[in-house]
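Let's take a friendly walk through a protein model together. Have the sequence and the 3D view ready, and follow along as each part is named.

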Amino acid sequence: MDNWQAVTALVTFATVIALIMTEWLHLMIAAMLGALLLIFLNIMTLDEAIAYISKSHATLGLFFGVMVMVRAFEPTKIFEYLATQIVILAKGEGKRLLLGVVAITTPICAVLPNATTVMLLAPLIPPMAEELGVNFVPLLILMVFVANSAGLLTLVGDPATFIVGDAINISFTDYLGRMSLGGAIAILVVVVLLPILFPKIWRKKLDNLNQLPHPQINHPRILAVGGVIVALVLIFFVIGETLPVPISPATVALFGAALCLLLTHHSKIDSVHNILRDVDWSTLIFFMSTFVLIGGLEKTGVIGAASGVLAFVLGKNIVIGSLVLIFLIGLLSSVVPNIPLVVAMVPLLKQYVVTVGLAPPEVLSPDFAGQFPVETLPLFYAMMYGATLGGNGTLVGASSNIVAAGIAEQHGKRISFKRFLRYSIPVTVAQLVAVSLFVLVRFLLLR
């Protein structure tokens, strides 16, 4: 590949990130222009760009399906009703509400992808914050932090952990025994920081809960049928891929969306046009554009060259390599959405362990089903922790962050890049330090 193409792909990617960080352009516009520039300059063809997008079709299908399902239930006022009940359960106290967000989000994110959880739960946040008399943006940001952190509790909690785990052939139960404690530590860090990060909400207290509005649920029969659909979708999210004929989460989400559209159309509580109009298309286009930008780096050899640099810098030192990877991948994941980053970094890390002689060349085969050498596993574990927790670093670091930003815009407020950083920097630094100590003790000193 020509050097000018590699340089152009790298500069384009860096420029898009800079435009997003400085907020000169809306993140969707910046990413879309960058992706189209690569096509215009013939660094990749339109067919190649579509192929890179298609590699992540499951992610896009999952997001679209859940967006449609959530929007389909808006006419029932279920989100307003549940928000009021949560505030009442919290007894009108801000600190109880903050801890409640952690408690509700954590177990769901252990079994569902974090962005999916945010799409399901985030509609509760604006009405809940309004009833408590606080800004909903900090609560959305907290939900994102918890969702990204809780994704480490199981192999399927975050796309990044699943991608890396699949690459090294780690089982669901092995993951629980080796990695879940690190996820619990990351959540504990967030809990400890709550009164520091959100002091106004922490001290907020409603004196008279009787003043709360009492929204009524509309169309209860339709909601009951819809509840059955959602319950089945959640069940098949968990068991679908273990069935004799596997059903992917994306397929489940799209089928659920189709049933919800049928339900709302047949009952005439809303129109298909209105529901599809309100889908967060900017978030979907941002992800598609980002996949193309990462594809440009992969096609032009930038990612492959980075493997050689990694081998030169780290050598065969697993201890230093693992700790460096946690912070290096964490930093990269703060500015690059972690799904495409991990997709790009897994082959890079595999090539690295082969290059330095820590693993046989057979591990590079896409069909490799054996076990990686035990001494190399801390490197991959470090990648999981860094990629997942680094997603808390900036607004574009994880898919759930982008989803939350889109939901905030739909409710009339914008999560700026700088505002997100005020919360994210202390959380991300504290979490990366905490899990690096865990990896050092658990996998490197006690092995």
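## Salt bridges

This predicted model contains 8 salt bridges. A good place to begin is the pair Arg-71 and Glu-74, whose side chains meet with N and O 3.8 Å apart. Is Arg-71 buried or exposed? Arg-71 counts as buried because its relative accessibility is 9%, below the 20% cut-off. Its partner Glu-74 has a relative accessible area of 40%, so Glu-74 is partly exposed. Both residues also belong to a wider network of salt bridges, in which they are linked with Asp-270, Arg-277 and Asp-278.

Now look for Glu-93, which takes part in a salt bridge with Arg-96; their closest N and O atoms are 3.3 Å apart. Glu-93 is buried, at 15% relative accessible area, while Arg-96 is partly exposed, at 39%. Glu-93 also forms a salt bridge with Lys-205, and here the closest N and O atoms are 3.8 Å apart. Where do these two sit in the chain? Lys-205 is in the loop between α13 and α14, and Glu-93 is in the loop between α5 (78–89) and α6 (94–111), so this pair ties together parts that are 112 residues apart in sequence. Lys-205 itself counts as exposed, because its relative accessibility is 52% and the cut-off for exposed is over 50%.

## The nonpolar core

Next, turn to the inside. The largest nonpolar core has 157 residues, and the members that touch the most others are Leu-142 and Phe-286. Which helix gives the most residues to this core? The answer is α9, spanning residues 136–150, with 12 residues.

## A helix with a kink

Helix α12 runs from residue 180 to residue 197, which makes 18 residues. From the first C-alpha to the last, α12 reaches 25 Å, close to the 26 Å expected at 1.5 Å a residue. Follow α12 along and you will find a kink of about 25° at Val-191, shortly before the proline Pro-195.

Several residues of α12 are buried, including Ser-180, Gly-182, Gly-183 and Ala-186. Further along the helix, Val-189, Val-190, Leu-193 and Leu-194 are also among the buried residues.

## A nonpolar patch on the surface

Nonpolar residues can be found on the outside of this model too: Val-228, Leu-232, Ile-235, Val-238 and Ile-239 form a surface patch. Together they have about 410 Å² of accessible area. One of them, Ile-235, is located in helix α14, which covers residues 220–239. Ile-235 counts as partly exposed, because its relative accessibility is 44%.

## Loops worth a look

Two loop residues have a positive phi although neither is a glycine. For Asn-169, phi is near 60°; this residue lies in the loop between α10 (159–167) and α11 (172–178). Asn-169 is partly exposed, with 24% relative accessible area. For His-219, phi is about 50°, and its place is in the loop between α13 (199–203) and α14. His-219 is partly exposed as well, at 36% relative accessibility.

Finish your walk at Val-374, in the loop between α20 (338–355) and α21 (377–390). Is Val-374 buried or exposed? Its relative accessible area is 62%, so Val-374 is exposed. Val-374 and Phe-443 are 69 residues apart along the chain, and their C-alpha atoms are separated by 9.9 Å.

Technical notes. Residues are numbered from 1 along each chain as its sequence is written. This is a predicted model: local features need pLDDT of at least 70, side-chain atom pairs count only at pLDDT 80 or more; totals for chains, interfaces and linings use all residues. Side-chain values use heavy atoms; hydrogens and water are left out. A nonpolar core is a set of buried Ala, Val, Leu, Ile, Met, Phe, Trp, Tyr and Cys residues joined through side-chain atoms within 4.5 Å. Buried means under 20% relative accessible area, exposed over 50%, partly exposed in between (1.4 Å probe, protein chains only). Helices (H or I, at least four residues) and strands (E, at least two) are DSSP runs, numbered from the N terminus. The expected span of a helix is 1.5 Å times one less than its number of residues. The bend at a residue is the angle between axes fitted to the seven residues ending there and the seven starting there. Patches are made of residues with over 30% relative accessible area and no salt bridge: like charges are joined within 9 Å, nonpolar side chains (Val, Leu, Ile, Met, Phe, Trp, Tyr) within 5 Å. Accessible areas come from the Shrake-Rupley method with a 1.4 Å probe; for residues, only the protein chains shown count as cover. A salt bridge is a side-chain nitrogen of Lys or Arg within 4 Å of a carboxyl oxygen of Asp or Glu.
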